[in-house]
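Me: I'm new to reading protein structures and would love a close look at one part of this one. Could you take me through it step by step?

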Amino acid sequence: MRDAILNLPASRIREVARLGMGRPGVIPLWFGEPDVPTPQFICDAAAAGLAAGDTFYTPNRGTPQLRDAIAEYMTGLYRRPIDVDAVTVTVSGMNAIMIALQCLIEPGARLVTVSPLWPNLVAVARILGARVEEVPLTPAAGGWTLDAQRLIDACGDDAAVILLNSPSNPTGWMMHADAQRAVLDHARRHGAWVVADEVYARIVYDRPVAPSFVEAMADGDRLIVINSFSKSWAMTGWRLGWITAPPAVGPVLEKMMEFNIAGAAGFVQRAGLTAIRDGEDFVSESVARYRANRELFLRRIADFPRVTAPPPEAAFYCFFRVDGVADGVAFAKRILAETGVGLAPGEAFGDRWAGWLRLCLAASHARLEEALDRLAPVLG
C-alpha cells in the first residue's frame, strides 16, 4: 500500500458519528446534508427514466440534454454566456474534484488553499502527491475574513493549483468579487490553475447567488469550477455534479471520466435535468429555512458565554469555538454522550481548529431548537 494512503487520517467526523448513528433519540447535525428527502418531482423524473429503460452507459461528459440545461442555467445565473462545450457532468462534486486534480497535480506540486476546509479536498491533493499550504481565515464578530494578499503571497510564483471553496464548508465564509479577481490576476501572471469549489453557490443569505469565479474569468483563464446537485436540491445520495472548464479541456475531462467512472447513470441525469429546470422554488424555500435556522442559532448561542460564533454569510453551517476546549474530538464525543446531539469536531477541518465545532443548519426549525436546548447545559 502507498504510504500516502496509509498515512491519511481517518475522518474525524465519522469517528464521532459512528458512536451515534442509528442510536434512538440522537439529533444528527454532524454531516452536511438537508434532513428532507429529495423533492418528489425530481424522484418522479428518475422513476420515469427507469421505466423507460434508461439504464445503459451514457456519454462520458453527460447527456446532451443535461449539459445543455446546465450551460443555460449557468448563463442565466451569472449573466454571461457559458458554452455547452465548457460543461462536463460528473458523478458528484467529489468526483469532479478528484478528476480535476488528477489532471493538474504532479507529485510534489504545490497546492495553496484556505482553511478551515472540508477535509476531503485536502485529502485528494495529498493522495495525488501535492504539497499543501493552507492560509487561515480570520474569525471576527462580523464573520469570517480572508487576507487576500496573504493568500497571493503564499502562492508565490510556483503554486500549481489554487484551490478555493466558496461559499465555505465549514465556516460559511464567502469570497467576494474583488478577491476573486485578484486571485485570477495572479494565476494569469504565473500560470497557476484555479480550482473553485462552488457547490454552495445557491445557499446565500443576502443575495440569490454567491460571487463566482465564472463572473471574473476571461478567455484563456486556467479555471475549473466545481458544482453539485447535492446541496441545492437535496440530492446528496444521487451523486451528481458538474465541472465548468475551458472548452479546450473538455477532451481531457472526457478521457478522465472514462477512466474513473465512465459516466453518470442516465436516470440520475434525468433527475438532475428536472431539478435544474423546475427546482427554483425548492431552492428558495430551502434557503429561507436555513436563514431562519441561522438566526435561531445566533440568537440562542449569544446566551452561551463560552461560545464564539462568527455569523456565516452562506452555506448551511455554523462553525464556533468553545473556550477551554483543547480536544474537539473528545468534546464532540462528550456532547453526543451527554446530550444526544451530533456535531462535527473542528480538527476534522485542520489541526489548528481544535476547540471548534461545526453544526449543520439544514434541519427542521423545531429539531434545531431542541438540539440547542440540549446543548445549553454543556455550552452555557
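How do the residues of the lining of the second largest pocket divide into nonpolar, polar and charged?

Reply: Happy to help! Please keep in mind that this is a predicted model. The lining of the second largest pocket divides into 10 nonpolar residues, two polar ones and four charged ones. In total, 16 residues line this pocket. Those that lie nearest its centre are Met-217, Asp-219, Ala-245, Pro-246 and Pro-247, so you can look for them in the structure and see how they are sorted: Met, Ala and Pro count as nonpolar, while Asp counts as charged. The volume of the second largest pocket is about 260 Å³.

Now let's set that beside the largest pocket. Its volume is about 1200 Å³. A total of 41 residues line the largest pocket, and Ser-11, Ile-13, Trp-118, Pro-119 and Asn-120 are the closest to its centre. Here the lining divides into 17 nonpolar, 12 polar and 12 charged residues. Three helices each supply at least two residues of this lining: H2 (12-17), H5 (93-104) and H6 (119-127). Helix H6 gives the largest share, with five residues.

Pockets are open, but the model has an enclosed space too. How many cavities of 30 Å³ or more are there? The count comes to one, and about 70 Å³ of space lies inside the largest cavity. Its lining is made up of 13 residues, and Tyr-73, Arg-202, Asn-227, Ser-232 and Trp-242 lie nearest the centre. By type, eight of the lining residues are nonpolar, three are polar and two are charged. Helix H4 (64-78) and strand E9 (223-228) each supply at least two of the lining residues, and H4 provides the largest share, four residues.

To finish, here is a single residue to find for yourself. Gln-269 sits in helix H11, which spans residues 266-278. Is Gln-269 buried or exposed? Its relative accessibility is 1%, so Gln-269 counts as buried, the cut-off for that being under 20%. A polar atom of the Gln-269 side chain lies 2.9 Å from the backbone oxygen of Ala-264. Leaving aside neighbours within four places in sequence, Gln-269 is in contact with Thr-58, Gly-62, Thr-63, Leu-66, Val-89, Leu-240 and Ala-264. Ala-264 therefore turns up twice for Gln-269, once in that list of contacts and once through its backbone oxygen, with contact meaning heavy atoms within 4.5 Å.

Methods: Residues numbered from 1 in each chain as written. Predicted model: local features only at pLDDT ≥ 70, side-chain atom pairs only at ≥ 80, totals over all residues. Heavy atoms only, no water. Buried < 20%, exposed > 50% of the residue type's maximum accessible area, 1.4 Å probe, protein only. Polar contact = N/O pair within 3.5 Å; in protein donor to acceptor, adjacent residues only side chain to side chain. 1 Å grid on protein atoms, 1.4 Å probe; cavity = no way out; pocket = protein on both sides within 12 Å on 5 of 7 lines; lining within 4 Å. Points joined across faces, edges and corners; volume = space filled by probe spheres on them.
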